[in-house]
Amino acid sequence: MKNHIPGAIHINTDSIEEGPVWNFKSDDDIVKSMLDNGIDKDTTVFLYGPDSGAPRVALAYLIEGADNVKLIDGGIKAWMDKGYETEKEENKAEAKDDFKAEYPAHPEMIVSLDEAKKDIEDENSDVQYISTRAYEEYIGETSDYTYIPKAGELPGAIYGHDEADYKNENGTYISYTDMLDMLKKEGVDPSKEMVFYCGTGWRAALPVLKFYEKGIDAKLFDGGWNEWQMHDELPVQVGDPKDNAEMTTVGNLSNDKASKE
C-alpha cells in the first residue's frame with residue numbers, strides 16, 4: 001500500500017461487486033466481506049479513496065445496515081495537507097463473526113433492471129432517472145468504458161453531471177446546497193422519486209449518499225448503463241433531450257463506442 005492513514009486497512013471494491021454487470025454482490029457476500037474486515041452493524045467506518053470507489057463501498061455498507069459510515073472529505077490529500085502522519089505498513093483487520101442485526105437494512109435504495117424497465121415503459125412521471133456521467137456519455141458519443149461497446153441513455157434520463165462536478169478544486173466534495181442547485185438547473189425535482197445511475201454504480205453513489213444524509217430518499221439503479229445496454233430490445237435515448245434526442249433501441253446501436261483506454 002502507498003501512504004495511508006495510520007491503522008487503515010485496504011478494502012477492494014471487488015469485495016462488494018462482481019462482473020460482468022458489476023452489480024452489488026449478494027447481501028450474504030457483502031456482509032461476509034464486512035465481517036472479514038472487522039465491520040459489524042455498530043462499527044464506525046471511515047472510508048476514503050482516489051475516486052468514487054469509496055462512496056460505492058459506503059453505500060453498500062449502508063444498505064446492509066452499518067449505522068455509522070463516513071467519507072473522509074478530500075481523502076488522503078486533505079489528511080496530508082493538514083500535516084497529519086501517514087504510514088506505509090499493511091494493516092490487517094481482526095475478523096468478526098456476528099453482524100449484530102438482520103440485513104439488508106435498506107433494500108429499498110436499490111432499483112433493479114426489471115423495476116427500471118417498468119418505470120421507463122410506463123413513462124412514470126413520478127420517477128426521475130438521473131445520469132451521473134460525463135456529458136459525452138450522456139449524449140451517446142462514448143461509453144467511456146473499455147468494456148462497454150454501446151453508448152446512450154435510458155429514455156427521459158436527466159443529465160446529473162459527472163464525478164468531477166461533485167468535487168471542489170481541492171478534491172473535497174461540494175456542499176449539499178451546491179449539488180442541489182446543480183441538479184435543479186438540469187431539471188431534477190427533489191420532490192419526486194430520484195433514481196441515480198451511471199455506468200456501473202460508482203459515480204451515482206455519491207448523490208444518493210448526500211441525499212440520504214439530509215433525510216431525503218434517493219435510489220441507485222445499480223446496473224446502470226452497462227446492464228441496460230446488454231439487452232437489445234430496450235429503448236435508448238441518443239443525444240440531448242433539450243435538442244430533440246433520437247429514440248432507438250439497444251440493438252440498433254453501434255458497437256464501437258468503448259473507450260480506447
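1. Ser 259 touches Thr 142, Ser 143, Asp 144, Tyr 145 and Thr 146, leaving out residues up to four places away in sequence. In this predicted model, Ser 259 lies in the segment that follows strand E11 (246-249). Its relative accessibility is 17%, so Ser 259 counts as buried, the cut-off being under 20%.

2. Asp 144, one of the residues touched by Ser 259, deserves a separate look. Asp 144 belongs to the loop between helix H5 (135-138) and strand E7 (158-159). The phi of Asp 144 is near 65 degrees, a positive value in a residue other than glycine. Most residues other than glycine have a negative phi. With 42% relative accessibility, Asp 144 counts as partly exposed, whereas Ser 259 counts as buried.

3. A second non-glycine residue to check is His 161, which has a positive phi of about 75 degrees. His 161 sits in the loop between E7 and H6. The relative accessible area of His 161 is 14%, and His 161 is therefore buried.

4. Two cis peptide bonds should be inspected. One joins Gly 19 and Pro 20, with omega about 10 degrees; Pro 20 is placed in the loop between strand E1 (17-18) and strand E2 (23-24). Another joins Tyr 103 and Pro 104, with omega about 0 degrees. Pro 104 lies in the loop between helix H3 (75-81) and strand E5 (110-111). As background, most peptide bonds are trans.

5. Helix H1 (residues 27-36) packs with helix H2 (residues 53-64) at an angle of about 105 degrees, and their axes are 10 Å apart. The two helices, H1 and H2, are therefore roughly perpendicular to each other. On the H1 side the contact is made by Asp 27, Ile 30, Val 31 and Met 34; on the H2 side, by Ala 60, Tyr 61 and Glu 64. Sorted by class, this contact of H1 with H2 has 5 nonpolar residues, 2 charged residues and no polar ones.

6. H2 also takes part in a right-handed β-α-β unit, together with E3 and E4. The strands E3 and E4 (residues 68-71) pair in the parallel sense over 4 bridges. Within this region, Phe 46 stands opposite Lys 70 in E4.

7. The two faces of strand E3 (residues 44-47) differ in cover: Val 45 and Leu 47 form a covered face, and Thr 44 and Phe 46 an uncovered one. In a regular strand the side chains alternate between the two faces of the sheet. Phe 46, the residue opposite Lys 70, is thus placed on the uncovered face of E3.

8. An open sheet of 5 strands has the order E5-E9-E8-E6-E7, and its pairing is parallel. E5 and E7 stand at the edges with a single partner strand each, so one side of each has no neighbour in the sheet. Strand E6 (residues 127-131) runs parallel to E8 and is joined to E8 by 5 bridges. Across this pair, Gln 128 stands opposite Met 194 in E8.

9. How many residues of helix H7 (residues 205-213) are buried? The number is 7 of the 9, so H7 is largely enclosed by the rest of the structure. The buried residues are Ala 205, Leu 206, Pro 207, Val 208, Leu 209, Lys 210 and Phe 211. Lys 210 is included in that list and may be worth a look in the viewer.

10. The buried residues of H7 pack against H2, E4, helix H6 (176-185), strand E8 (193-197) and strand E9 (219-221). Among these partners, H2 and E4 belong to the β-α-β unit, while E8 and E9 are strands of the open sheet. Just after H7, Gly 215 takes a positive phi of about 75 degrees.

11. Pro 190 is located in the loop between H6 and E8. With a relative accessible area of 26%, Pro 190 is partly exposed. Apart from neighbours within four places in sequence, Pro 190 is in contact with Leu 180 and Lys 184. The C-alpha atoms of Pro 190 and Asp 217 are separated by 9.0 Å, and these residues are 27 residues apart along the chain.

Definitions and conventions
Residues are numbered from 1 along each chain as its sequence is written. This is a predicted model: local features need pLDDT of at least 70, side-chain atom pairs count only at pLDDT 80 or more; totals for chains, interfaces and linings use all residues. Side-chain values use heavy atoms; hydrogens and water are left out. Axes are lines fitted to C-alpha atoms, for helices over the stretch in contact, and angles run from 0 to 180 degrees between N-to-C directions. Angles under 35 degrees count as roughly parallel, over 145 as roughly antiparallel, 65 to 115 as roughly perpendicular and the rest as oblique. Contact means heavy atoms within 4.5 Å. Ala, Val, Leu, Ile, Met, Phe, Trp, Tyr, Cys and Pro count as nonpolar, Asp, Glu, Lys and Arg as charged, and the others, Gly among them, as polar. Buried means under 20% relative accessible area, exposed over 50%, partly exposed in between (1.4 Å probe, protein chains only). Two strands pair if DSSP finds at least two bridges between them. A crossover is right-handed if, with the strands pointing away from the viewer, the path from the first strand over the helix to the second runs clockwise.
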